Amino acid sequence: MLNPPGEATRPPLHIGFVGYGEAGSAIANGLAREPGTVVHVYDPTFTGRTTAAGRTAPDSLVVATSVGALTAACTIVLSTVVAAAAVAVAEDLAPHIGPGHLVADLNSVSPATKERISTIVSASGAAFVEAAIMTNISANGHGTPIYACGERAGEFAALAGERGMNVDNLGPDLGQASATKMFRSIIAKGLEALLLESLTAAARYDVADRVLAKVEEGYPGLGWSALADHLLGRTAVHGRRRADEMFEVAATLEELGMSPFMAAGAAHRIRESGTALEGAFITTPSRYQDVVAILAAPLPHSATEGQTR
């Protein structure tokens with residue numbers, strides 16, 4: 001793409017991703033199509049260009065062979081891994097980053113965990129931005145709404161916005177992005193867990209559709225059947241990850257001195273259901289009936305019931 005007359009040619013922006021899962025692949029693949037952007041990806045499970053989960057990086061991406069190779073090529077690094085690996089990734093990055101780097105953590109972890117990651121990153125001299133993906137990444141790609149905060153969140157939002165991303169700067173104070181994501185999840189994934197529990201039990205009596213019809217009468221306008229299709233479809237293909245996110249929410253509430261009754265219960269329900277559904281669907285099912293047909297068989301009692309983590 002040629003620059004407008006009179007405008008100096010700008011060197012391409014090199015952006016790196018640690019983690020090529022659902023979020024990392026969706027954002028990286030989209031950004032690679034933006035002019036003036038070179039996207040590098042690193043995932044410890046890569047064999048060639050394919051991860052252990054079967055995601056293959058297109059030729060438009062540069063596959064890095066190590067964290068060091070990624071940071072040597074990129075000034076902006078995004079961490080897009082599972083919640084349990086977020087701190088370890090920061091520790092892996094630390095020896096390879098410095099004042100010229102900006103590290104944005106997009107993982108679904110608690111504000112306290114983000115603070116810990118910030119301490120690790122900032123000790124290297126690199127800038128840290130806390131970010132939170134706020135909607136379904138697979139539907140919106142690199143244009144999905146993202147909240148960001150931190151001293152250089154405005155810079156990150158501007159650079160990302162020039163390349164088709166939708167980043168909302170919440171200001172310099174850390175915790176704003178992750179707290180919004182965490183506490184929204186109590187409602188969103190809480191509804192998911194409620195629907196899983198209600199409709200799985202109802203399916204055993206063949207009354208699931210009737211239950212939703214009566215709920216619609218009492219709480220009209222939400223489209224309960226369509227909501228069940230969407231949320232239970234998400235459990236079917238992402239149940240374990242979504243449960244892990246809810247355990248982070250429970251941990252966040254405990255840090256605040258609150259008993260996480262709802263969050264922990266939702267985490268266990270989603271984990272149990274997600275485990276039972278693992279491998280049942282190649283793509284996201286479009287009907288909740290297909291999901292509860294599998295879950296309606298008696299489930300083994302979870303050894304972790306009653307625990308918050």
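The protein contains 11 helices and eight strands, as seen in a predicted model. Its C-alpha trace extends over about 70 × 45 × 40 Å along the principal axes. For a chain of 309 residues, a compact globule would be expected to have a radius of gyration near 19 Å, and the value found here, 21 Å, agrees with that expectation. Of these 309 residues, 47% count as buried.

Helix H9 deserves a closer look. This helix covers residues 224-255, and a straight helix of 32 residues would span 46 Å at 1.5 Å a residue. The end C-alpha atoms of H9, however, are separated by only 33 Å. Along the helix there is a kink of about 100 degrees, centred on His238. Readers with the structure open may like to start from His238, the centre of this kink, and then follow H9 towards residue 255, where the helix ends. Just after H9 comes Gly257, with a positive phi of about 85 degrees.

Asp244 is also part of helix H9. Its relative accessibility is 34%, and because the partly exposed class lies between 20% and 50%, Asp244 counts as partly exposed. In sequence, Asp244 and Ile270 are 26 residues apart, while in space their C-alpha atoms are 9.2 Å apart.

The surface offers a further feature to inspect. Phe183, Leu256 and Met258 together make a nonpolar surface patch of about 290 Å². Of these residues, Phe183 belongs to helix H7, which comprises residues 176-203. Phe183 has a relative accessible area of 33% and is therefore partly exposed, since a residue would have to fall under 20% to be called buried. In sequence terms, the patch brings together Phe183 from H7 with Leu256 and Met258, and the glycine with positive phi that follows H9 is Gly257.

A positive phi also appears in the loop between H7 and helix H8 (208-218), where Asp206 is found. The phi of Asp206 is near 60 degrees, a positive value in a residue other than glycine. Most residues other than glycine have a negative phi. As for its surroundings, Asp206 has a relative accessible area of 68% and is exposed, because this value lies over the 50% cut-off for that class.

Notes. Residues numbered from 1 in each chain as written. Predicted model: local features only at pLDDT ≥ 70, side-chain atom pairs only at ≥ 80, totals over all residues. Heavy atoms only, no water. Patch = residues over 30% accessible without salt bridge, like charges linked within 9 Å, V, L, I, M, F, W, Y side chains within 5 Å. Areas by Shrake-Rupley, 256 points an atom, 1.4 Å probe, with all protein chains shown as cover. Salt bridge = Lys/Arg side-chain N within 4 Å of Asp/Glu carboxyl O. Helix = DSSP H or I, 4+ residues; strand = E, 2+ residues; numbered from the N terminus. Buried < 20%, exposed > 50% of the residue type's maximum accessible area, 1.4 Å probe, protein only. Expected span 1.5 Å × (residues − 1). Bend = angle between axes of the 7 residues up to and from the residue. Rg over C-alpha atoms; globule rule 2.2 N^0.38 Å.
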